[in-house]
Amino acid sequence: MSVLEQHTTTRDALAVEGLGLTVAAREGVLPLLADVTVRVGRGETVGLVGESGSGKTLTARSALGMLPRGARATGRVTAAGVDVLAAGRTDLRDLRRTRVSMVFQDPRAAINPLRRVGDHLTEGLRAGGTPPREAARRARDLLEQVGIDDPAGAMRRHPHQFSGGMLQRIMIAGALSTEPELLLADEPTTALDVTTQAEVVGVLRALQRTHGTGLLFVTHDLDLAAAVCDRIYVMYAGRIVEEADSASFAVAPAHPYTRALLDASPSVHGDQGPPRAIGGRPRSLAEAPSGCSFRDRCPRADHDCALGVPAPRPHGTSRVACLRPEQVKP
Ligand SMILES: Nc1ncnc2c1ncn2[C@@H]1O[C@H](COP(=O)(O)OP(=O)(O)OP(=O)(O)O)[C@@H](O)[C@H]1O
């Protein structure tokens, strides 16, 4: 059986199970991710949040088999039914072309400026065997769905003729053109102003729901994650430290790191006074202390936290990797 055929109707759009990632560096083997487990159901929106360098992008890219050069991976990554870490080049190419798409932070960096928008939008479909006329019709439909006026005219224009927000809408249309099972959106609105951000997120969510696509939404913006996602994973130093549904995430964070992130966020923490920056600086997995990686920045840490990496365990409606979780509010 080909790896492309290893699917059932009930499987998740994405299952990252115990993913570990290392790269060879001058100073030796450098760990980047450890025991990362992330699941995205079909049609579900799942957030991946954490400070810069926590491993969000590496985790998202693993779904496409886009690992850093020379990286060694352990664990299992199944995206749209494909065993990504075991898949060969052809299977990975097919996966990226039709079943899993990605929207990046900066649309201008992700589109060829010399090609017309229509060529960009139809290439995935044409590569999958859709006749050119049909591909063009589907692309115009999608442009209409993402709110682009005069879709036929837009198809003939070049990227520089659109604003950043409009171009990101076009990228979203392109990413969903092949009706993928999974969409990876890595900080898709960070480069946009706040009003445009809200519009683009609205478009993304509406289309994702219509198409039943699983969405992994990578962001450092907790407000946005809480507003957009069904469930949220919190990453710190290359590990998942908490998994929560978005309703309990903001009101009852379980991991002290999640609490600290919320306290540092301008508005999620509501009426608890001005934002408080997290003391110390974020660690990479390689430089994290032994035991719990967050313990040198954690107000609740004690000597037990140095003894080993806490295993994730249920806590209220969340799962948390902490020996001293926050009190869950009733
Ligand atoms: N090819 C590589 N070689 C060595 N280290 C790497 C490589 N790629 C990423 N890293 C390191 O792995 C860690 C996680 O990187 P990643 O890009 O996933 O973080 P992130 O959470 O997405 O951060 P940001 O929000 O800044 O994009 C960082 O410390 C980064 O420097």
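**Exercise 1. The contact of α4 with α5**

Find which residues of α4 meet which residues of α5 in this predicted model, then describe how the two helices cross.

*Solution.*
Step 1. Start with the residues. On the α4 side are Gly 118, Leu 121, Thr 122, Leu 125 and Arg 126. They meet Pro 132, Ala 135, Ala 136, Arg 138 and Ala 139 of α5.
Step 2. Sort them by class. The contact has six nonpolar, two polar and two charged residues.
Step 3. Turn to the axes. α4 covers residues 117–127 and α5 covers residues 132–145. Their axes come within 9 Å and cross at roughly 120°.
Step 4. Name the arrangement. α4 and α5 are therefore oblique to each other.
Step 5. Add the hand. This crossing of α4 and α5 is right-handed.

**Exercise 2. A second helix pair**

Are α7 and α8 roughly parallel or roughly antiparallel? Work from the crossing angle, then list the residues in contact.

*Solution.*
Step 1. Locate the helices. α7 spans residues 164–176, and α8 spans residues 194–211.
Step 2. Read the geometry. The axes come within 10 Å and cross at roughly 15°.
Step 3. Apply the cut-off. Angles under 35 degrees count as roughly parallel, so α7 is roughly parallel to α8.
Step 4. Give the hand. α7 passes α8 in a right-handed crossing.
Step 5. List the contacts. α7 brings Gly 165, Gln 168, Arg 169, Ile 172 and Leu 176. α8 brings Thr 196, Glu 199, Val 200, Val 203, Leu 204, Leu 207 and His 211.
Step 6. Count by class. Six residues are nonpolar, four are polar and two are charged.

**Exercise 3. The four-stranded sheet**

Give the strand order of the open sheet of four strands, then follow its pairing from β1 to β5.

*Solution.*
Step 1. Write the order. It is β2-β1-β4-β5, with antiparallel pairing.
Step 2. Mark the edges. β2 (28–40) and β5 (82–83) each pair on one side only.
Step 3. Take β1, residues 14–25. Eight bridges join β1 to β4, and the two run antiparallel. Val 16 stands opposite Val 77 in β4.
Step 4. Move on to β4, residues 71–79. Two bridges join β4 to β5, again antiparallel. Ala 79 has Val 82 in β5 as its bridge partner.
Step 5. Look at the turn. β4 and β5 form a hairpin with two residues between them. Ala 80, in that turn, has a positive phi of about 50°.

**Exercise 4. The eight-stranded sheet**

Which strands are the edges of the open sheet of eight? Find them, then examine the pairing of β3 with β9.

*Solution.*
Step 1. Write the order: β6-β7-β8-β3-β9-β10-β12-β11. The pairing is mixed.
Step 2. Read off the ends. The edge strands are β6 (100–103) and β11 (313–315).
Step 3. Note the twist. It averages 20° from one strand to the next.
Step 4. Examine β3 (residues 45–49) and β9 (residues 231–236). Four bridges join them, and they run parallel.
Step 5. Pick out a pair. Val 46 stands opposite Arg 231 in β9.

**Exercise 5. Around the ligand**

How many residues surround the ligand, and which element gives the most to the shell?

*Solution.*
Step 1. Count the shell. 14 residues surround the ligand.
Step 2. Name the closest. They are Ser 52, Lys 56, Thr 57, Leu 58 and Pro 68.
Step 3. Find the elements. β2 and α1 (56–62) give two or more residues to the shell.
Step 4. Rank them. α1 gives the most, with three residues.
Step 5. Sort by class. The shell has five nonpolar, eight polar and one charged residues.

Technical notes:
Residues are numbered from 1 along each chain as its sequence is written. This is a predicted model: local features need pLDDT of at least 70, side-chain atom pairs count only at pLDDT 80 or more; totals for chains, interfaces and linings use all residues. Axes are lines fitted to C-alpha atoms, for helices over the stretch in contact, and angles run from 0 to 180 degrees between N-to-C directions. Angles under 35 degrees count as roughly parallel, over 145 as roughly antiparallel, 65 to 115 as roughly perpendicular and the rest as oblique. A crossing is left-handed if the near helix is turned anticlockwise from the far one by less than a right angle, and right-handed if clockwise. Two residues are in contact if their C-beta atoms, placed from the backbone, lie within 7 Å. Ala, Val, Leu, Ile, Met, Phe, Trp, Tyr, Cys and Pro count as nonpolar, Asp, Glu, Lys and Arg as charged, and the others, Gly among them, as polar. Two strands pair if DSSP finds at least two bridges between them. A residue is near a molecule or strand if its C-beta atom, placed from the backbone, lies within 6 Å of it.
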